[in-house]
Structures are given as C-alpha cells and as structure tokens.
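Visitor: I would like to learn how to read the features of a protein model. Could you take me through them slowly, with a general idea and then a case each time?

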Amino acid sequence: MNYFIADTHFYHYQLLQPNNFAPRHFGNVDEMNQAMIDAWNSRVDENDRVYHLGDISMRPQNTPTDEETYDMLRQLNGHMTLIKGNHDYRSLFKFLDKHNETLSDGKKRFEFEDVGALLKFDHHQFYCTHYPLLLGKVEKIINLHGHIHHYAVPIPENINVGVDAPERDYLSEDLPWGSPLRGEEILEMYDKKKKDLARLQRK
C-alpha cells in the first residue's frame, strides 16, 4: 500500500514555540519526534511505500547531521520515496543512498526524486511534489504537496499532505497527529474540499 506525508521536520524545536506557521503542541522535540514515529509505524508495515514530499528534518542554527536523520528514518517502517524539499540537502540524499539497505522483500529502503513523482490511484493521478503547483484546468489530476504547513491552497486539486495540513480536518477518521495518509483518505479530502470551496463561492 502507498502512503503520503510531508514536512515532518524532525528535530525542529522552533515549531514547539507559539508561531503562525506550524504550531506543534509538545513539551519537547523528543515528544514531537516520537509522536510522528508512533503514528507512522501504527499504519505502515515493512512492505508498504511512503511518499515523503519533502522537509524531512530541520534544526535551525545547527542542522541535524546526515547520520541523525538517517537514524531517525531507520526507525520508520516501510520503503520511502523521498521527494526533495527546500530543507533537504543534497548531502543527505547522497548519505542515505550510500547507506541504503535492502529490506526483507528484496527492495531498497530509499528511492529519491528531485522534483516529483506521478502515480495512479482509483482512476486519478497523484502528482506528488514538495511545492504546491497551479496546474490549471485538469481532470482527475490531484497535486499532493507540502511546504505550506497549516495553510491550504484554495483549489480543490491541491491537497496538502503535510503533518500540519488543514485538509486533514476533512477526514471522517480522527487520525493521530503525524499519520501518513492513504489514497482513499486523499480522495475523501479532495471531495470534501471541492464541495466546501464550491459552497463558499456561492455565498
């Protein structure tokens, strides 16, 4: 099964402070990191694939070492397709590739994409990128993205899959904070966002 997530920002202690961008209500960064690990591993098994749409880890003034981020990712279940975010450095991807390991199904743990990935799900196409894209008039194409944390693009075809995304409020199931999202949940968010924006336009 495929899952989708963005903007985990492991180690980013400044998000624990009051802020207007991505307030995270934890006592310390270890609690925040562990909440994301637990949410991830409760859904994802070793044969699943998670598309991580950028900004894996961050620690202002003292960026996490490549080894620290690697050790964090090794605690997470499944295979990962890592799409480069603005806070993901080339050195990190090179380090992960050098230390890439083969899991029990014979596939590598990590795959890498600089710009994005395109895949099909239930008669739709998911175009996965870090930055939100303005695709114009499209049919059955949904741009999954991150980058803008707890903001949303007012276009139904743009779905923020970040851990802080407001579109998560559309889900009928109250998922633990930091949970990767399944394709069915993406479509639920898309359908409800589309109806919500249409209702607002009628006012």
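**Reading the model step by step**

Guide: Let us start with a single residue, Arg74, which sits in the loop between helix H2 (66–73) and strand S3 (79–83). Please keep in mind throughout that this is a predicted model.

Visitor: Is Arg74 buried or exposed, or does it fall in between?

Guide: The general idea is that a residue is called buried under 20% relative accessible area and exposed over 50%, with partly exposed in between. Arg74 has a relative accessible area of 44%, so it counts as partly exposed. Compare this with Ser42, which belongs to helix H1 and is exposed because its relative accessible area is 57%. Met80, which is part of strand S3, has 0% relative accessibility and therefore counts as buried.

Visitor: How far apart in space are Arg74 and Arg109?

Guide: Here one sets separation along the chain beside separation in space. Arg74 and Arg109 are 35 residues apart in sequence, and their C-alpha atoms are 8.9 Å apart in space. For Ser42 and Leu76, which are 34 residues apart along the chain, the C-alpha atoms are separated by 9.9 Å. Met80 and Asp114 are likewise 34 residues apart in sequence, and from C-alpha to C-alpha they are 14 Å apart.

Visitor: How many aromatic pairs does the structure hold, and how should I read one?

Guide: The structure holds nine aromatic pairs. To read one, look at the distance between the ring centres and at the angle between the ring planes, since planes under 30 degrees apart count as stacked. The rings of Phe4 and Tyr51 have centres 5.5 Å apart and planes at 20 degrees, so this pair is stacked. The pair also links distant parts of the chain, with Phe4 in strand S1 (residues 2–5) and Tyr51 in strand S2 (residues 49–52), 47 residues apart. Phe4 is buried, because its relative accessible area is 1%, and Tyr51, at 12% relative accessibility, counts as buried too.

Visitor: Why is the pair of Phe121 and Phe126 called stacked?

Guide: The ring centres of Phe121 and Phe126 lie 5.7 Å apart and the planes are at 25 degrees, so the pair is stacked. As for their surroundings, Phe121 counts as partly exposed at 24% relative accessibility, whereas Phe126 is buried with a relative accessible area of 0%.

Visitor: Which residues do ring pairs link into a cluster?

Guide: Ring pairs can be followed from one residue to another, and in this way Tyr70, Phe93, Phe95, Phe110 and Phe112 are linked into a cluster. A ring may also have a charged group over its face, as with Arg59, which lies over the face of Tyr11 at 5.4 Å from the ring centre.

Visitor: What is the phi of Tyr11, and where does this residue lie?

Guide: Phi is a backbone angle, and its sign is what we look at here. Tyr11 has a phi near 75 degrees, which is a positive value in a residue other than glycine. Tyr11 is placed in the loop between S1 and H1, and it is buried, because its relative accessible area is 14%. Asp7 also has a positive phi, of about 55 degrees, although it is not a glycine. Asp7 lies in the loop between S1 and helix H1 (29–43), and with a relative accessible area of 0% it is buried.

Visitor: How much space lies in the largest pocket, and which residues lie nearest its centre?

Guide: Rolling a probe the size of a water molecule over the atoms shows where empty space is left. About 300 Å³ of space lies in the largest pocket. Its lining is made up of 16 residues, of which Val163, Ala165, Arg168, Asp169 and Trp177 lie nearest the centre. Sorted by class, this lining has nine nonpolar, two polar and five charged residues.

Visitor: Which residues line the second largest pocket?

Guide: The second largest pocket holds about 180 Å³ of space, and its lining includes His124, Gly136, Glu157, Tyr190 and Lys194. Strand S7 (141–145) and helix H4 (183–202) are the elements that give two or more residues to this lining. By class, the lining has four nonpolar, two polar and five charged residues.

Visitor: Where does UniProt place the domain feature?

Guide: A record can add a name to a stretch of chain, and the unreviewed UniProt entry places the feature "domain: Calcineurin-like phosphoesterase" at residues 4–149. In the model, the end C-alpha atoms of residues 4–149 lie 14 Å apart, and the span is 22% helix and 22% strand.

Definitions and conventions. Residues are numbered from 1 along each chain as its sequence is written. This is a predicted model: local features need pLDDT of at least 70, side-chain atom pairs count only at pLDDT 80 or more; totals for chains, interfaces and linings use all residues. Side-chain values use heavy atoms; hydrogens and water are left out. On a 1 Å grid over the protein atoms alone, a cavity is a set of points where a 1.4 Å probe fits but cannot get out, and a pocket is an open set with protein on both sides within 12 Å along at least five of seven lines; lining residues have an atom within 4 Å of a point. Grid points are joined across faces, edges and corners, and a volume is the space filled by probe spheres set on the points. Ala, Val, Leu, Ile, Met, Phe, Trp, Tyr, Cys and Pro count as nonpolar, Asp, Glu, Lys and Arg as charged, and the others, Gly among them, as polar. Helices (H or I, at least four residues) and strands (E, at least two) are DSSP runs, numbered from the N terminus. Rings of Phe, Tyr and Trp (its six-membered ring) pair if their centres lie within 6.5 Å; planes under 30 degrees apart count as stacked, over 60 as edge-to-face and the rest as tilted. Buried means under 20% relative accessible area, exposed over 50%, partly exposed in between (1.4 Å probe, protein chains only). A charge sits over a ring if NZ of Lys or CZ of Arg is within 6 Å of the ring centre and within 35 degrees of the ring normal. UniProt positions are given in the numbering used here, feature names are shortened, and annotations may be inferred rather than shown by experiment.
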